[in-house]
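Please open the structure in your viewer and keep the sequence beside it, so that each selection can be found in both. The tour goes from stop to stop, and at each one you select something and then look at what is around it.

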Amino acid sequence: MRALLVAGDEHRFRRESNLLRRFLTEKAGVDDISLEKGPYDDPKQIKGVLRRKLDPALAVDDEPLLLAYSGHGNGNGWQISPGKLVEYEFLGMLLAGYPGKVLFLNACCFAGAAVSFLKLRGVSGKRLSFIGVVDENDETGDEEFLARVMHNWCFGKPHEVFKTIIFRRPAVSGDPFERISAISKEVFWGTRHDRYFYAKTAKQSAPWI
């Protein structure tokens, strides 16, 4: 199986993508992994990589490509570094022409905005599985999103919407912390292709998480 991992131009995003690469190599048996982690002097650089990796000739029947992004984003695309954008419209164009299965993990602000661009380009939900950390209206998401995906795969189950408890200091309160319960607004679209990955890693421990 193949994987294309793209990290935004910050240490935390590179670290998260490196963690995912290690997991895919050691536990999921993925032997063809590309990790793009900047610095990005020109968006044409990463767009060229995406074109090559999503070449229709590279598609393999019944083996999905994993496309994973960790970084900043806005409603129009991946903000790979300040002032530099990889547009969802561009990604939709490439994915529409790719005949193989794709699992797209999108870990950025406004992640769910990608879905409307994919649909506009005619990307089939039968070929593509999309999981975004937040919907198109949400600026912040769970920073442990990719770690939880890996954790679920280790125990032979698909990623599921996670219920989280957020702790924060209140503006005015006698208590040291105010507790707020919330459900993450993760976005699922298309056919669930992550079974190809969790089937290989079931019942494994996860000391790296």
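What follows is a walk through a predicted model, one selection at a time.

**Stop one: the loop before helix 1**

Begin by selecting Glu10, which you will find in the loop between strand 1 (2–7) and helix 1 (11–26). Is Glu10 buried, exposed or partly exposed? Its relative accessible area is 30%, so Glu10 counts as partly exposed. Now add His72 to the selection: the two residues are 62 places apart along the chain, yet their C-alpha atoms are separated by 9.3 Å. The side chains of Glu10 and His72 are joined by a polar contact of 2.7 Å, and the side chain of Glu10 also makes a polar contact, of 3.1 Å, with the side chain of Arg12.

**Stop two: strand 2 and the loop after it**

Select Ser34 next, a residue of strand 2 (32–36). Ser34 has 12% relative accessibility and therefore counts as buried, since the cut-off for buried is under 20%. Which residues does Ser34 touch, if its neighbours within four places in sequence are left aside? They are Ala3, Leu4, Leu5 and Lys53. Moving on to the loop between strand 2 and helix 2, select Pro39, and look at the peptide bond that leads to it from Gly38, which is cis, with omega near 0°.

**Stop three: helix 2**

Select residues 43–53, which make up helix 2. At the start of this helix, a side-chain oxygen of Asp42 reaches to within 2.9 Å of the backbone nitrogen of Lys44. The buried residues of helix 2 are Pro43, Ile46, Lys47, Gly48, Val49 and Leu50, and if you display what covers them, you will find several elements, including strand 1, strand 3 (65–70) and helix 3 (88–97). Helix 2 lies across strand 5 and strand 6, and it runs at about 25° to strand 6.

**Stop four: a sheet of three strands**

Strands in a sheet are paired through backbone hydrogen bonds, and the pairing can be parallel or antiparallel. Select strands 4, 5 and 6, which form an open sheet in the order 4-5-6 with antiparallel pairing. Strand 4 (72–74) and strand 6 are the edges, each with a single partner strand, so one side of each has no neighbour in the sheet. Neighbouring strands here are turned by 35° against each other on average, direction ignored. Looking closely at strand 5 and strand 6, you can trace four bridges between them, and Gly77 stands opposite Glu87 in strand 6. Then select Trp78, which is placed in strand 5 and is buried, with a relative accessible area of 0%. Trp78 and Tyr88 are 10 residues apart in sequence, and the distance between their C-alpha atoms is 7.4 Å.

**Stop five: helix 3 against helix 4**

A pair of packed helices is described by the angle between their axes and by the distance between those axes. Select helix 3 together with helix 4 (residues 113–120), which pack at an angle of about 45° with their axes 8 Å apart. That angle makes helix 3 oblique to helix 4, and the crossing of the two is right-handed. To see where they meet, display Tyr88, Glu89, Gly92 and Leu95 in helix 3, and Ala113, Ala114, Phe117 and Leu118 in helix 4.

**Stop six: strand 7 and strand 8**

For the last stop, select strand 7 (residues 102–107) and strand 8 (residues 128–132), which pair in the parallel sense over five bridges. Both faces of strand 8 are covered, with Leu128, Phe130 and Gly132 buried on one side and Ser129 and Ile131 buried on the other. Now select Asn106 in strand 7, whose bridge partner in strand 8 is Gly132. Asn106 is buried, with a relative accessible area of 0%, and among the residues it touches are Tyr69, Trp78, Tyr88, Ala114 and Phe145. What does the side chain of Asn106 reach at 3.1 Å? It reaches the backbone oxygen of Ala111. Finish at Phe110, in the loop between strand 7 and helix 4, where phi is near 55°, a positive value in a residue other than glycine.

Terms used. Residues numbered from 1 in each chain as written. Predicted model: local features only at pLDDT ≥ 70, side-chain atom pairs only at ≥ 80, totals over all residues. Heavy atoms only, no water. Buried < 20%, exposed > 50% of the residue type's maximum accessible area, 1.4 Å probe, protein only. Contact = heavy atoms within 4.5 Å. Polar contact = N/O pair within 3.5 Å; in protein donor to acceptor, adjacent residues only side chain to side chain. Pairing = 2+ DSSP bridges. Axes fitted to C-alpha atoms, helices over the stretch in contact; angles between N-to-C directions. Parallel < 35°, antiparallel > 145°, perpendicular 65-115°, else oblique. Left-handed = near helix turned anticlockwise from the far one by under 90°.
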